[in-house]
Amino acid sequence: MQDIRLAIFDWDGTLMDSVGRIVACVQGAARDCELAVPAPAQIRLIIGLSLDVAMSRLFPLSSGSGSGSGSGSGSGSAFDERQIAALIDRYRHHYLHDATPSPLFAGAGELLHDWRSRGLQLAVATGKSRRGLDRVLDETGLRPLFVTSRGADEARSKPDPQMLEQILDELGLSTRQAVMIGDSVHDMAMAEAIAMPRIGVTWGVDSRDALRRHGPVAVVDSMAALRGLL
């Protein structure tokens with residue numbers, strides 16, 4: 001991978017151990033909205049997607065559900081949109097106040113500093129909103145290491161490759177000069193869609209076998225192994 005000039009990271013489950021917090025907050029939002037609480041395994045499947053897509057997949061509300069949905073064309077859709085908006089609002093509330101620890105994975109900071117010191121550019125492509133991403137970049141002190149980033153409200157949701165395309169266009173790089181690093185099949189599929197090299201990590205949400213289905217150049221089990229690839 002000698003031609004790589006840019007490493008693009010997913011955030012949750014790749015750099016930050018936040019899966020437990022995400023699960024707790026989704027479950028809290030479901031309770032607040034008086035909906036069936038999804039199991040952790042179900043929630044793990046949507047981590048990395050933008051919140052509107054994630055909530056729509058977890059809570060596929062029927063067009064006729066809910067009081068006050070009215071009658072006539074489009075009324076059910078309007079109700080569904082309000083319910084999804086309420087779930088997102090409650091999720092964000094819980095994420096701000098939930099006490100579940102979400103530290104950086106051991107070795108993540110060291111890896112980022114090492115790669116940056118050796119001239120590799122770094123970026124983030126995440127399912128977090130811009131507001132959420134800015135908050136964790138500041139809380140971790142890692143913002144100066146990244147030349148650019150994209151959140152879920154700035155491009156179409158993974159696995160659509162739009163956020164990767166935006167990053168490449170901004171930096172004037174080709175797909176072969178960048179690598180996507182992530183823990184989910186959404187990350188791998190996003191990079192696969194534009195033939196960008198990709199590396200899967202197994203300490204997040206998806207298994208080695210699931211990641212391998214998208215043709216990564218490598219799947220690694222530790223930060224040390226990842227650090228040695230570039």
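**The largest pocket**

Begin with the largest pocket of this predicted model, which holds about 420 Å³ of space. Select Leu 51, Tyr 91, Gly 127, Lys 128 and Ser 129: of the 24 residues that line the pocket, these lie nearest its centre. Next, colour helix 1 (19-32), helix 3 (51-58), helix 4 (75-97) and helix 6 (130-140), each of which supplies at least two residues of the lining. Which helix gives the largest share of the lining? Helix 4 does, with 5 residues. If the lining is coloured by residue type, 12 residues appear as nonpolar, 5 as polar and 7 as charged.

**Ser 50, in the loop before helix 3**

Now select Ser 50, which is placed in the loop between helix 2 (40-44) and helix 3. Is Ser 50 buried or exposed? Its relative accessibility is 6%, and because buried means under 20%, Ser 50 counts as buried. Display the side chain of Asp 52 as well: a polar contact of 2.7 Å joins it to the side chain of Ser 50. Beyond the residues up to four places away in sequence, Ser 50 touches Gly 127, Ala 152 and Ser 157. Gly 127 has already been visited as one of the residues nearest the centre of the largest pocket.

**Met 55, within helix 3**

Continue along helix 3 to Met 55. With a relative accessible area of 1%, Met 55 is buried. To see what surrounds Met 55, select Val 26, Ile 84, Leu 87, Ile 88 and Tyr 91, with which it is in contact when neighbours within four places in sequence are left aside. Draw a distance from the C-alpha of Met 55 to the C-alpha of Ile 84: the viewer should show 6.3 Å, although the two residues are 29 residues apart in sequence. Tyr 91, another of the contacts of Met 55, is also among the residues nearest the centre of the largest pocket.

**Strand 2 and its partners**

Select strand 2 next, residues 121-125. All 5 of its 5 residues are buried, so the strand is largely enclosed by the rest of the structure. Show the side chains to compare the two faces: Gln 121, Ala 123 and Ala 125 lie on one side, Leu 122 and Val 124 on the other, and both faces are covered.

Which strands are joined to strand 2 by bridges? Strand 1 (residues 6-9) runs parallel to strand 2 and is joined to it by 4 bridges. Strand 3 also runs parallel to strand 2, with 3 bridges between them. Ala 123 is a useful residue to keep selected here: it is the bridge partner of Ile 8, and its own bridge partner in strand 3 is Thr 148.

**Helix 8 and its start**

Move to helix 8 (185-192), where 6 of the 8 residues are buried and the helix is mostly covered. Select the buried residues: His 186, Asp 187, Met 188, Ala 189, Met 190 and Ala 191. What covers them? The covering elements include helix 3, strand 2, helix 7, strand 4 (178-182), strand 5 and helix 9 (208-212). Helix 3 and strand 2 will be familiar from the earlier stops. At the N-terminal end of helix 8, display Ser 184, which caps the helix: a side-chain oxygen of Ser 184 lies 3.2 Å from the backbone nitrogen of His 186.

**Strand 5**

Strand 5, one of the elements covering helix 8, is the next selection. Arg 198 and Gly 200 point one way from strand 5, Ile 199 and Val 201 point the other way, and all are buried. Strand 4 and strand 5 run parallel and are joined by 3 bridges. To locate this pairing, select Met 180, whose bridge partner in strand 5 is Arg 198.

**Three backbone details in loops**

Finish with the backbone of three loops. In the loop between helix 8 and strand 5 (198-201), select Ala 195. Ala 195 has a positive phi of about 55° although it is not a glycine. At 41% relative accessibility, Ala 195 counts as partly exposed.

Glu 34, in the loop between helix 1 and helix 2, likewise has a positive phi of about 55° without being a glycine. Its relative accessibility is 74%, and it therefore counts as exposed.

The last selection is Pro 159, found in the loop between strand 3 (148-150) and helix 7 (162-171). The peptide bond that joins Lys 158 and Pro 159 is cis, with omega of about 10°.

How values were computed. Residues are numbered from 1 along each chain as its sequence is written. This is a predicted model: local features need pLDDT of at least 70, side-chain atom pairs count only at pLDDT 80 or more; totals for chains, interfaces and linings use all residues. Side-chain values use heavy atoms; hydrogens and water are left out. On a 1 Å grid over the protein atoms alone, a cavity is a set of points where a 1.4 Å probe fits but cannot get out, and a pocket is an open set with protein on both sides within 12 Å along at least five of seven lines; lining residues have an atom within 4 Å of a point. Grid points are joined across faces, edges and corners, and a volume is the space filled by probe spheres set on the points. Ala, Val, Leu, Ile, Met, Phe, Trp, Tyr, Cys and Pro count as nonpolar, Asp, Glu, Lys and Arg as charged, and the others, Gly among them, as polar. Buried means under 20% relative accessible area, exposed over 50%, partly exposed in between (1.4 Å probe, protein chains only). A polar contact is a pair of N or O atoms within 3.5 Å; within protein, one must be able to donate a hydrogen and the other to accept it, and residues adjacent in sequence count only if both atoms are side-chain atoms. Contact means heavy atoms within 4.5 Å. Two strands pair if DSSP finds at least two bridges between them.
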